[in-house]
Amino acid sequence: MTEKKILDTIRGPQDLHGLSYPQLEQLARELRGAIMEVVSKNGGHLASNLGVVELTLALHKVFRSPHDKIIWDVGHQCYTHKLITGRKNRFHTLRTLGGMSGFPRREESPHDIVETGHASTSISVALGILSGQKLTGVDGKVVAVIGDGALTGGVALEALNQAAGCGNDLIIVLNDNKKSISDNVGAISYYLTSLAATRLYQSFKKRFDRAVERIPLFGSQLLQGISRLKKGLKALFFRETLFSDLGLEYFGPIDGHNLPMLVRILKDVKKLDKPTVVHVCTVKGKGYIPAEGDPTLYHGVSPFSIVDGKLETKDSPTFTEAFSGIVADLAQEDERVVAITAAMANGTGLRLFQTRFPDRFYDVGIAEQHAVTFASGLARAGLKPVLAIYSTFLQRAVDQVIHDVAIPRLPVVFAVDRAGLVGPDGETHQGAFDIALFRSIPGLFILAPSTLGEMELMLRYALAKANPVMIRYPKAPCCASQATDAQPLLEGRGVMVRRNRGEVLIVSFGALLSEALQAAELLEGLKIRTDVYDLRFLQPVDLDHLVSLFYRYRLICIAEEGSRCGGIGEQIAAELKQRGIALPLIHLGFPRKFLPHGSRRELLALYGLDGRNIAVSIEQALVSARRLVPSSSIRV
């Protein structure tokens with residue numbers, strides 16, 4: 001008879017309280033198995049979640065969630081948290097359309113305090129919640145769990161500064177998940193950390209400080225001298241200088257996989273009445289040898305084989321892969337080309353550049369605002385900086401794009417990855433807004449390649465420009481090469497990819513080109529002759545040229561992988577209206593909402609942007625205009 005798993009008995013975090021440490025360690029093994037089983041099928045964040053299993057159990061054993069609020073920075077390490085807060089039976093739906101999110105979501109559970117998906121925000125929001133609770137008389141502890149990498153984000157440092165000054169009893173758990181545990185994790189460190197965290201020590205420390213301060217004439221100076229001496233001695237043995245100098249209590253480093261130690265320290269820290277940092281060292285990918293050996297590769301993964309760790313691959317190259325090879329080759333041709341990433345060398349495809357040109361590669365950490373302004377400095381020095389960054393991460397640096405790059409008209413190239421649907425990562429990562437955010441900035445050129453050939457054309461064009469240039473592309477396979485790839489870029493103009501002297505024109509760009517071509521084929525089956533225009537430029541757009549094209553057609557369909565509100569289709573429609581031109585036009589794109597998680601194919605269909613749905617929208621528009629008898633051949 002199969003022994004019942006401990007995980008099957010966990011209905012909520014309260015069920016952890018009665019478990020012994022051996023049972024908790026068994027539960028940790030079961031949790032790792034459950035995470036690997038689902039992520040191997042659905043994809044997701046693997047290494048980061050395997051690394052925080054014991055830490056999550058310790059937090060929920062000590063704190064009473066949701067009365068005590070646990071806030072996960074980024075939120076990509078919340079799988080154990082979800083499994084032990086009543087969502088085990090739905091965990092198999094992780095990252096699927098209509099299923100469980102891979103990040104915290106308040107609508108899923110009262111234990112998810114904040115919707116997160118980007119780094120460095122936890123301390124700010126935790127401090128705001130705690131301050132609000134103090135003001136309104138609400139009880140409960142607030143814990144922010146933040147990784148060491150996220151501390152490179154300016155907003156985290158700004159929050160630390162305020163946290164130290166306000167004196168509220170915020171608890172910051174610093175999850176230091178480097179590959180090896182620090183040398184000063186050992187018996188002496190454990191002992192001193194345990195001692196420092198006790199109420200007895202804290203009480204003695206307060207009485208001692210008050211007594212010294214009362215000494216006539218010299219008390220204040222003596223106390224300052226003792227404080228400096230303590231900090232100096234601590235700096236010799238512990239990596240706490242930053243936190244101590246800011247005025248935060250600091251405990252650690254602690255082995256993040258030692259459950260008894262974690263629980264004991266967190267229980268003592270819970271009793272303190274001052275802002276505290278608990279420094280926990282964890283092993284990213286813990287318990288799965290491939291992920292431990294290469295936590296970067298297994299940070300966010302596609303479906304994979306648990307047996308050998310082999311990741312699922314696709315035959316067609318992605319836009320990211322196309323960018324990776326081309327930018328490295330262009331750097332070979334021009335030594336002024338430099339590359340910048342904000343902690344995303346692998347994700348943005350810049351690892352190849354780093355390998356070939358290490359002296360011309362800069363990883364600034366999770367600091368997107370700094371990355372943009374740093375790039376502006378490189379441009380001022382006569383270099384050709386290429387900043388590769390995800391669309392939703394660039395949202396953090398809109399001011400820097402305007403103030404530091406666009407106003408001085410500096411030649412910075414923005415390679416904007418994940419511009420469009422990102423799929424299973426959900427609403428915090430879907431690149432729906434970059435066109436609307438940046439299209440109105442004067443002097444900023446925005447281009448969108450549809451094929452490998454166009455990617456090279458556009459990167460060469462951008463590196464030759466004296467203006468800032470943004471090249472946007474989605475997380476998707478590159479479209480097949482087109483004969484039009486050989487046509488040079490003409491500023492503001494696109495190319496006619498399919499010319500059939502049709503009555504309908506589909507205007508698209510980027511990865512939607514393949515969907516537009518599919519729609520045209522389906523419409524041809526209904527005897528609706530359809531042409532396809534690849535826009536190439538999103539800013540500037542030669543509207544006179546477009547209008548001259550439009551006059552030839554009965555219906556224009558603009559399909560864009562971005563928000564309709566503020567999109568290129570909206571601009572074209574407004575221009576036609578302003579000129580008094582009445583042409584039948586339909587505009588397809590994302591609605592004004594945050595897009596859910598699901599596969600790219602599912603989301604394209606959901607928002608009418610796959611080939612079949614584009615064809616249906618065109619057919620229906622023609623039927624509405626009484627130019628066509630309805631057909632059922634391409635109904636969805």
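This is a short tour of one protein chain, stop by stop, for use with a viewer.

**The whole chain**

Start with everything on screen. The model is predicted. The protein chain has 636 residues, and 58% of them are buried. Colour by secondary structure. You should find 24 helices and 19 strands. Now think about contacts between residues at least 6 apart in sequence. Of these, 75% join residues at least 24 apart.

**Stop 1: helices α1 and α3**

Select residues 21-42, which form helix α1. Add residues 53-62, which form helix α3. The axes of α1 and α3 lie 10 Å apart, and the packing angle is about 125 degrees. That angle makes the pair oblique. Their crossing is right-handed.

Show the side chains where they meet. From α1, pick L24, L27, A28, L31 and R32. From α3, pick V53, E54, L57 and K61. Those residues make the contact. A general point helps here. An α-helix has 3.6 residues a turn, so residues three or four places apart point the same way.

Stay on α3. How many of its residues are buried? The count is 10 of 10. The buried set includes the charged-letter picks E54 and K61 as well as H60.

**Stop 2: helices α13 and α19**

Select residues 319-333 for α13. Then select 452-464 for α19. The two axes come within 10 Å and cross at roughly 45 degrees. The helices are therefore oblique to each other. The crossing of α13 and α19 is right-handed.

Look at who touches whom. α13 brings F319, A322, F323, I326, V327, L330 and E333. α19 brings L452, M455, E456, L459, R460 and L463. Keep F319 on screen for the next stop.

**Stop 3: S450**

Select S450. Its place is the loop between β12 (445-447) and α19. Is S450 buried or exposed? Its relative accessibility is 0%, so S450 counts as buried.

Now show what surrounds S450. Beyond its close sequence neighbours, within four places, S450 is in contact with F319, C478, C479, F509, G510, L513 and D534. Two polar neighbours deserve a distance label. A polar atom of the S450 side chain lies 3.0 Å from the backbone nitrogen of G510. The S450 side chain also makes a polar contact with the side chain of D534, at 3.1 Å.

**Stop 4: the five-stranded sheet**

Follow D534 into strand β16, residues 530-534. This strand belongs to an open sheet of 5 strands. Which order do the strands take? Reading across, it is β14-β16-β15-β18-β19, with mixed pairing. The edge strands, each paired on one side only, are β14 and β19 (585-590). From one strand to the next, the twist averages 25 degrees.

Zoom in on β14, residues 495-498. β14 and β16 pair in the antiparallel sense, over 3 bridges. Find M496, which stands opposite Y533 in β16. Next, select helix α20, residues 512-524. This helix packs on the sheet and touches β14, β15, β16 and β18. Its direction makes about 170 degrees with that of β16.

**Stop 5: strand β15**

Select β15, residues 504-508. β15 and β16 run parallel, joined by 5 bridges. To see one pairing, click V504 and its bridge partner T530 in β16.

Check how covered the strand is. In β15, 5 of 5 residues are buried. Both faces are covered. V504, I506 and S508 lie on one side. L505 and V507 lie on the other.

**Stop 6: Q482**

Finish with Q482. Look for Q482 in the loop between β13 (469-472) and β14. At 21% relative accessibility, Q482 counts as partly exposed, because buried means under 20%.

Show its contacts. Leaving aside neighbours within four places in sequence, Q482 is in contact with T451, V497, L513 and L517. L513 is also on the contact list of S450. A polar atom of the Q482 side chain lies 3.3 Å from the backbone oxygen of A480.

Last, draw a line from Q482 to G453. Their C-alpha atoms are 8.1 Å apart in space, while 29 residues separate them in sequence.

How values were computed. Residues are numbered from 1 along each chain as its sequence is written. This is a predicted model: local features need pLDDT of at least 70, side-chain atom pairs count only at pLDDT 80 or more; totals for chains, interfaces and linings use all residues. Side-chain values use heavy atoms; hydrogens and water are left out. Helices (H or I, at least four residues) and strands (E, at least two) are DSSP runs, numbered from the N terminus. Buried means under 20% relative accessible area, exposed over 50%, partly exposed in between (1.4 Å probe, protein chains only). Contact means heavy atoms within 4.5 Å. A polar contact is a pair of N or O atoms within 3.5 Å; within protein, one must be able to donate a hydrogen and the other to accept it, and residues adjacent in sequence count only if both atoms are side-chain atoms. Two strands pair if DSSP finds at least two bridges between them. Axes are lines fitted to C-alpha atoms, for helices over the stretch in contact, and angles run from 0 to 180 degrees between N-to-C directions. Angles under 35 degrees count as roughly parallel, over 145 as roughly antiparallel, 65 to 115 as roughly perpendicular and the rest as oblique. A crossing is left-handed if the near helix is turned anticlockwise from the far one by less than a right angle, and right-handed if clockwise.
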